[in-house]
Amino acid sequence: METFFKLRENGTTVRTEILAGLTTFMTMAYIIALNPNLLTGFGAEGMDLWNGVFLATCIASAVAMFCMAFLANKPFALAPGMGLNSFFAVVAANIAGLTGMTYVESFQAALVIILIEGIVFIVLSVLNIREKIVDAIPLGVRLGIAPAIGIMLMNIGLGSNAGVYSETGGPFFVMRDFFGALTPSVAQTSMGSGYSAMILSAVTMFIGLFVIVILAKKGVKAAVLLGMLAASVIHWAGSAVFLGTNPFASLSTASFVPPFADMASTTLFKFNFQGFLDIGWFTAVTLVITFCMIDMFDTIGTLVGTASRAGMVDREGNMPNMKEALLSDAVGTVAGACCGTSTVTTFVESASGVEAGGRTGLTALTTGVLFLACIFIAPIAAVIPPAATSAALIYVGVLMLMGLKNVDFDDMDQMVPVALMLIGMPVSGSIGHAIGLGLISFTVIKVFSGKAKDVSVLTYVISALFLVKFFLIV
C-alpha cells in the first residue's frame, strides 16, 4: 500500500484513506438507486431494465474508480453523473417518439451516443488535448470553481437531497418549503403528514452538521463520517419514535441476489446501432457534441475544484496526473456504455472524502470496492437517510467557500466571472455550464477592454463553443 499509493509522501495513512473512501461512499451512495430510477421512470419501463441499469451503475462506477486509483492515484470517485442521466432519459424518450421504437430499444440506441463519447474522450485524453483544455482555463475562472462547487453542494444539501413526500404531494425540500414557509401552520397545511418528516430531516441535518464541525475543530480525522453516522442514528430513532415507522423495514423483503440475467437481456453490450442511425446524422452528431461538452467541463470543474481544496495543485492551479484522471473518466464512460448506463463522470461528492483526509488512489479504491459490494448489499446502503448525507454536503460546501480568499476582488477580470459562476452553478445545476458562463464573461471583458491578446486561442474557441451550445443546441 505504502509503495504503490505513496501514502507517506502524501501525508496520509491506510486508516485515513479507508475512512475517507467510506465517507465518499456514504455521501454518493444515493446514485445506486437514483440512477436506475431516473433512467427507467422509477421502474415504469420494466424491472428487468431497472435491474440492468442498477448493476451497470455499480459495475461502471467501480471500474472508473479502480482506474482513478491505479492510473492517477487520486482520491476522486466516479459514477453516472446527475443531470447527464436525466438528459440521457429525455434523449431516449425523444428517440422513441421520433422513430417509433420501444423505450428499451431507444435506450439501447442512446447507449451508442455514450459509447462514442467515451471513445472520443479516450483519444483526446491520450493525445493530451483534454489536458490542454484544462490549461486554457484562465486562473480567475479556476479560482472560482471550488467556491462555486461549494455553493452548489450547500444547495444540494439544503435543497434537493432530502426531499419529503406525503399525501399532499412532494417532494418538499428544507430550504424551499420548510424555511420558505411563512409560518409553521402554513407549512404543516401544505405538507400534510410530511411535516413531521420534514422537521425530523431538518433536525437530523443540522445536528449532523454541528457534530461534524465540532469534531473537525477538535482535530478528529473521521469527523465527516462520524457526523453522518450520528445523524443517521438520530433519524432512525426519530422515525421509530415520532413517525411510527421502521427505518429498516425494507431489509425484511430485500433481495441480495444480483439480477445478472436481467442485465444480460437488456443492457450488457446491447447497442442498437441501427436505431442510432435512424435518428439522422445531424441529430446524432449534435447529441454526441452536447454530451461531450457537458461531461468534459463537469469533470474538469470537479477535478480542479476538489484538487484545489485539497492542496493538490501548483501555483498555476495545475494538478499532477491530470491526464490519467481524465483518462479514468473516459474509461468509466465506455464501461458505463457497455454495461448499460449514462455518462460516468467525477462526482463532486468526492470533496467529502478529501475533507476526511483522502489524498491518494486508496480512497477511490475503497469507494470502488464498496460500489462493487453494493451488487450484493444495496439494500443496506439504502437505509442511510438523505438528511445525514446532507449534513456532510453542507459542511464540505462551507469549506470550499474558503477558496474565495484567493480571488482578487479588486480585479474585475477575476471578480465578474467568479461572481457569475457562484450563482450560475447552483441555479443551472451544472458545473460545466457555470464554467462556460465564466469563460464567456472573461473573454468578453478582455476583448472590450482592449486586452484581447491576454486571451488564449483555445479559450476563444471554448467560449465560442459554449455560445453555440447555449443558444443553438441547448
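Modeller: A disulfide is a pair of cysteine sulfur atoms within 2.5 Å, and by this rule the count here comes to 0 disulfides. Please keep in mind that this is a predicted model, in which local features need pLDDT of at least 70, side-chain atom pairs count only at pLDDT 80 or more, and totals for chains, interfaces and linings use all residues. Residues are numbered from 1 along each chain as its sequence is written, and side-chain values use heavy atoms, with hydrogens and water left out.

Biologist: Which cysteine sulfur is nearest to that of Cys374, and how far away is it?

Modeller: The nearest one belongs to Cys58, at 5.6 Å, and Cys374 is in no disulfide. Cys374 has 0% relative accessibility and therefore counts as buried, a word that means under 20% relative accessible area, while exposed means over 50% and partly exposed lies in between (1.4 Å probe, protein chains only).

Biologist: How should I read a salt bridge, and how many are there?

Modeller: A salt bridge is a side-chain nitrogen of Lys or Arg within 4 Å of a carboxyl oxygen of Asp or Glu, and by this rule the count comes to 4 salt bridges. One of them joins Arg130 to Asp329, with the closest N and O atoms 3.4 Å apart. Arg130 lies in helix α7 (residues 129-136) and Asp329 in helix α17 (residues 322-339), so this pair ties together parts that are 199 residues apart in sequence. Helices here are DSSP runs (H or I, at least four residues), numbered from the N terminus, as are strands (E, at least two).

Biologist: Are Arg130 and Asp329 buried or exposed?

Modeller: Both Arg130 and Asp329 are buried. In another salt bridge, that of Asp135 with Arg142, the closest N and O atoms are 3.9 Å apart; Asp135 is partly exposed at 45% relative accessibility, whereas Arg142 is buried at 6%.

Biologist: What does Lys446 pair with?

Modeller: Lys446 forms a salt bridge with Asp413, the closest N and O atoms being 2.8 Å apart. Because Lys446 lies in helix α22 (residues 431-448) and Asp413 in helix α21, the pair ties together parts that are 33 residues apart in sequence. Salt bridges that share partners join Asp413, Lys446 and Asp454 into one network.

Biologist: How can I check the length of helix α21?

Modeller: The expected span of a helix is 1.5 Å times one less than its number of residues. Helix α21 (residues 412-428) has 17 residues and should therefore span 24 Å, which agrees with the 23 Å between its end C-alpha atoms. After α21 comes Gly429, whose phi is positive, near 75 degrees.
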